[in-house]
Each structure stands twice: as C-alpha cells, then as structure tokens.
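This report describes a protein model together with its ligands. The sequence and the structure come before the text.

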Amino acid sequence: MNKSTVINPQEINAGNRVLIFDTTLRDGEQSPGATMNLEEKLQVARALARLHVDVIEAGFPIASPGDHDAVKAVAEEVDGPIVCGLARSLEKDIKSAASAVKNAKHGRIHVFLATSAIHRQFKLKKAKEEIVKQAVEAVKMALSYCKDIEFSPEDASRTEPEFLCEVVEAVIAAGATTVNIPDTVGYAVPEQYGGLMHTLKTKVPNIEQAVISVHCHNDLGLAVANSLAAVKLGARQIECTINGIGERAGNAALEEIVMAMRTRADYFGFTNGIDTPKLFGTSRLVSNTTGIHVQRNKAIVGENAFAHESGIHQDGVLKERTTYEIMHPADVGVDQSKLVMGKHSGRNAFGSRLKELGYELDDKRLMEAFEKFKVLCDKKKTIYDADLVALVEDQLVAAAPVWELDLLQVASGNRAVPTATVILRKGTGEQAQTFRDAAIGDGPIDALTNAIDRITGMTGKLLDYQVQSVTEGREAQGEVNVKVDFNGQLVHGRGFSTDIVEASAKAYLNAVCRAILTQAKPEEGAIARPGHIAPAPRAGVATP
Ligand code: KIV
Ligand code: ZN
C-alpha cells in the first residue's frame with residue numbers, strides 16, 4: 001500500500017505556489033488518433049518529470065490492460081512527480097488504479113463521478129443522495145489503498161452550486177485532499193468559473209482541508225482563461241496538457257498557463273515549479289509522438305510564436321527586443337541558432353543534445369541512432385534539431401515492428417497507371433519472412449497503401465495525409481504523418497526519409513503496426529473514457 005503523500009492542503013492554500021497537474025497521458029491521449037504505446041508514454045513521462053510538473057496523470061488503468069501497464073510502468077520508473085491513475089467511482093476501477101500506482105514513490109488515485117443534473121438524469125439515472133453516497137464510498141475505498149486521493153465531480157461547472165458544495169464537503173470529509181472542479185464540456189466563462197471557486201471557498205466549511213484543482217476543456221477557446229481566473233479566486237492546482245491536446249477541442253495548454261503566470265507575475269502573483277526552457281522540447285516530443293502538430297501561430301510553442309514579419313516590428317526588436325517581445329524565446333527553450341551538429345560531433349554531444357530535446361535513449365539505441373546520424377551527415381550538409389528528432393522518432397517508430405519495409409518501387413506519371421511493388425519483412429533473424437505484392441491506385445500513395453494492405457491483410461482508410469519538410473533546403477528530410485481508420489480504430493503513423501514516397505510507405509506501415517499492436521491487447525469490454533464515446537469494436541487481424 002502506498003502510504004506517502006506530499007500534499008499538505010493547508011500549506012498549499014496559504015501559499016502562492018500553483019501545482020501543475022499534467023494529464024497529457026490521460027486526457028491528452030483521448031484526442032482522436034493520439035494513442036501512444038508504452039515506450040512512447042514512458043518517453044513523455046520522463047520529459048514531464050524533467051519539466052518538473054507536480055503531478056503526472058499517467059492514464060485510466062481500467063480502460064485496458066495496456067493503459068494499466070503504462071500507468072504502472074510510469075509509477076515504477078518516473079521519480080519526482082506524483083503519479084496518478086484515474087478511476088470511476090467503482091470498485092473495479094479503484095482496485096485497478098490502486099494496483100497501477102502502488103509502487104510509485106508518491107501515488108495518487110483520482111476518482112470521479114458526474115454530478116450535474118444532465119448527467120444524473122440521463123447518464124447515471126441516479127438521485128442526488130445516491131451520488132453523494134457513491135462518491136463518499138469511492139473516496140473511502142480509494143483511501144484504503146492510497147493516502148493521496150483526488151475527487152472530481154464530473155461536469156462540475158454545470159452542476160447546481162449548492163449541490164456541488166454538498167458533494168465537495170462530503171468527499172473532503174471522507175478523506176479527499178484534492179477536489180477538482182472540471183469544466184468537462186468547456187461551457188464555463190472566466191468570471192463565472194472564478195466565482196465558483198469563491199463560492200466553494202466561502203460555502204464549504206472544510207474546504208481548507210483540500211486543494212481546489214481546476215480542469216478546463218477548450219470548447220469555447222476559454223480553457224486557459226478559465227483556469228487562470230480560477231487560480232485568482234482560490235484554486236491551487238491546474239490540470240492541463242502539453243500543446244493543449246485532449247478530448248474534443250482539448251484541455252488548457254500547460255505552456256500557456258505557465259508562461260502567462262510567469263510573464264504576468266505582476267498581475268497573478270503566483271509561482272509554479274516548471275523549468276520553462278524545457279517547454280519547447282517537450283511540446284515537440286508530444287507532437288511528434290501523438291502526430292498532432294501544433295499550429296504555426298500557437299502561443300508559446302508555435303513556429304511563428306517568436307517570428308517578426310512586419311518591417312516595423314523587426315526594426316523595433318533590433319533596436320530593443322522588448323518593444324515587440326513580452327517573453328524571451330530562450331525562456332521557453334526556442335533555440336534561435338538552430339544549427340546544432342555536424343559530421344564531426346561526438347557520441348556524447350549527440351546524446352546530450354537528444355536529452356535536451358526530450359529523448360533519453362539506452363546505450364544500444366543511442367549507438368544505433370548515432371550510426372544513423374553519421375549516415376545522415378553524409379546525405380545532408382547541415383543537421384538541425386528537427387533532423388535529430390526525426391532520426392530518433394524514426395528509430396522509435398521502428399522499435400517494435402510487426403512489418404518492416406524492405407523494398408518499394410513506385411511508378412507514376414501523368415499518363416501512367418500508378419503502380420506500387422512492395423516487399424515487406426515480418427519477424428527478425430532466422431524467423432524473418434518476406435512477402436511481396438503489387439497494386440495499382442488513384443495515385444502513387446494510394447497504390448502503395450493498397451499494396452501494403454494486400455500483404456498485411458489490413459484494410460486502412462487514409463483519413464489524413466500530411467507531408468512536410470523537417471528542415472529547410474532541397475536536401476531536407478521529408479516527414480509524413482497519416483491518420484488511418486482500420487475498421488473504426490483510428491491510428492496515426494509517421495515516417496521519415498529524404499524520399500517522400502518512401503516516407504509515406506513508412507508512415508502507413510507504422511500505422512498498420514500500431515493498429516496490430518493495439519489489437520493484440522484488446523480492451524476489456526470497451527470502457528468509455530470521461531466525456532468520450534466508447535470506441536466501436538475492433539476488427540480481428542487478418543494475417544497474410
Ligand atoms: O473532463 C473531465 O471532466 C475529466 C474528469 C475525469 C476530470 O476529464
Ligand atoms: Zn477532461
């Protein structure tokens with residue numbers, strides 16, 4: 001049993017330090033197509049620990065054995081932040097979360113139950129008294145496994161304030177040391193949501209025995225504003241995600257919250273523990289891992305966040321940076337001299353640069369990546385951070401291959417029938433087998449995905465296909481991101497190569513492998529995630 005807790009609500013409530021609770025691996029992973037495998041989740045969790053978040057919500061253990069194992073692995077490996085597992089107010093969920101976080105140095109179980117009239121009437125079909133009873137029992141049960149319990153009245157912002165106060169008081173009395181007030185559907189507006197914190201602070205007699213947390217969704221684009229308004233009026237924990245990824249329009253973006261608090265410390269008067277120069281690298285790690293890219297004009301971590309186009313602005317910045325810049329790019333980790341390494345760089349410098357970019361590789365992987373780096377140096381004169389990330393990502397993507405690309409030959413042209421011949425390898429060493437097939441299509445990409453489908457027996461529908469250059473110049477590597485629908489299972493895939501047709505084949509094959517690996521660990525009865533509709537049953541894997 002995990003007995004330790006690092007939360008002292010009275011102390012936190014009396015101070016001006018705001019706890020940063022990162023839910024990229026849980027709510028963030030609920031973004032369609034953002035599924036991460038265990039190794040990817042560990043990479044992200046390690047980066048979050050280096051960023052110094054206070055809490056990592058590592059997953060929803062009951063959702064699937066894969067989710068459970070990932071939370072357990074993060075709890076066992078990642079030191080520093082509290083590691084939290086989500087559970088509905090049900091015995092089986094709480095037991096699963098408890099077993100997943102039990103080996104964490106500081107574990108937390110986050111229990112939730114919806115409280116709004118809409119959810120009570122249509123989803124739970126329960127009266128108010130039953131909700132209070134179930135919430136209290138759930139908190140008590142969770143407390144028998146773990147000292148640090150957080151409770152969320154789901155859809156709190158649409159719950160009658162008096163009833164919300166009643167639930168909050170009851171769960172605190174039952175032992176919850178954090179009460180989270182989710183704006184589950186992104187309905188709140190800052191003044192009103194801040195006012196709700198004030199109501200809780202003044203109407204709930206035992207409120208000082210818990211930290212008030214906020215968890216805002218971005219359906220109206222107000223998630224960050226709502227979170228900050230809440231902190232002004234008494235909340236001391238903010239739940240957020242890197243790049244603001246999450247269910248539907250996403251969650252409050254961690255980097256925006258942290259930099260708003262830092263840049264406008266004069267107004268907010270709060271601190272947090274985030275090591276801000278790691279924000280940019282962590283953002284890129286998450287976008288590369290999930291395949292969800294940040295828009296160019298995204299605050300803090302977008303490509304254009306520190307780019308000045310207008311001549312008047314450029315002139316002003318050259319004369320005095322603060323004329324048009326409210327933050328220093330280096331404070332969020334934007335490296336303006338992007339050129340990093342070359343042919344003569346050593347393995348140690350290569351490894352430490354990767355670490356700065358958020359990737360910690362074991363010796364074997366580092367050696368393999370370094371070999372690939374040397375090969376790339378022969379193809380490309382200048383190597384940028386983005387090239388290094390592409391190289392490691394390509395390696396991680398290929399780390400658990402079910403199928404590997406051996407040969408690709410594509411013919412296309414304005415008067416040719418696009419045709420692709422593909423040879424794929426399955427298995428390694430003596431077990432390795434190769435399979436070949438060919439197909440035609442509407443274009444070269446369609447032809448190659450058809451050929452891959454013929455070999456693997458999977459039927460994928462390409463929903464999204466994006467190609468971009470990793471860096472500038474004619475010799476740049478191409479990065480292809482795809483989103484593929486395999487009979488209702490949405491999967492993303494990525495591929496890199498200096499040849500974009502090959503990068504496309506690698507990206508599609510990566511999606512195929514992810515789909516197969518996920519299907520190999522089927523969900524137990526398709527658990528619906530909060531605010532999310534249970535996925536359609538998955539199709540079996542057709543073997544060639
Ligand atoms: O949005 C929500 O209500 C949630 C809860 C489980 C905290 O994600
Ligand atoms: Zn949420």
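The sections below cover the basis of the model, the overall fold, the zinc site, the surroundings of ligand 1 and one histidine.

## Basis

This is a predicted model, in which local features need pLDDT of at least 70, side-chain atom pairs count only at pLDDT 80 or more, and totals for chains, interfaces and linings use all residues. Residues are numbered from 1 along each chain as its sequence is written, chains are lettered from A and ligands numbered from 1 in the order in which they are written, and side-chain values use heavy atoms, with hydrogens and water left out.

## Overall fold

The protein has 18 helices and 16 strands; these are DSSP runs numbered from the N terminus, with at least four residues for a helix (H or I) and at least two for a strand (E). Of its 544 residues, 53% count as buried, meaning under 20% relative accessible area with a 1.4 Å probe and protein chains only.

Among contacts (heavy atoms within 4.5 Å) with a separation of 6 or more, 67% join residues 24 or more positions apart. The accessible surface, from the Shrake-Rupley method with a 1.4 Å probe, is about 23,300 Å², and 52% of it belongs to carbon and sulfur atoms.

## Zinc site

The zinc ion (ligand 2) has as protein donors Asp27 (OD), His215 (NE2) and His217 (NE2), at 2.0 to 2.1 Å. Donors are N, O and S atoms within 2.8 Å of the metal (3.2 Å for Na, K and Ca); water is not among the atoms, so sites may look incomplete.

Along the chain the donor spacing is D-x187-H-x1-H. Asp27 lies in the loop between strand E1 (19-22) and helix H2 (38-51), and His217 in the loop between strand E7 (211-216) and helix H9 (223-232), so the pair ties together parts 190 residues apart in sequence. Both Asp27 and His217 are buried.

## Surroundings of ligand 1

Ligand 1 is surrounded by 12 residues, the closest being Arg26, Asp27, Thr184, His215 and His217; a residue belongs here if one of its heavy atoms lies within 4 Å. The shell comprises three nonpolar, six polar and three charged residues.

Polar contacts (pairs of N or O atoms within 3.5 Å) link an oxygen atom of ligand 1 to the side chain of Thr184 at 2.6 Å and to that of Asp27 at 3.1 Å. The protein covers 99% of the 260 Å² of accessible area that ligand 1 has on its own.

## His492

His492 lies in strand E16 (residues 489-497) and, at 3% relative accessibility, counts as buried. Its side chain reaches the backbone oxygen of Thr290 at 3.0 Å.

Notes: Buried means under 20% relative accessible area, exposed over 50%, partly exposed in between (1.4 Å probe, protein chains only). A polar contact is a pair of N or O atoms within 3.5 Å; within protein, one must be able to donate a hydrogen and the other to accept it, and residues adjacent in sequence count only if both atoms are side-chain atoms. Ala, Val, Leu, Ile, Met, Phe, Trp, Tyr, Cys and Pro count as nonpolar, Asp, Glu, Lys and Arg as charged, and the others, Gly among them, as polar.
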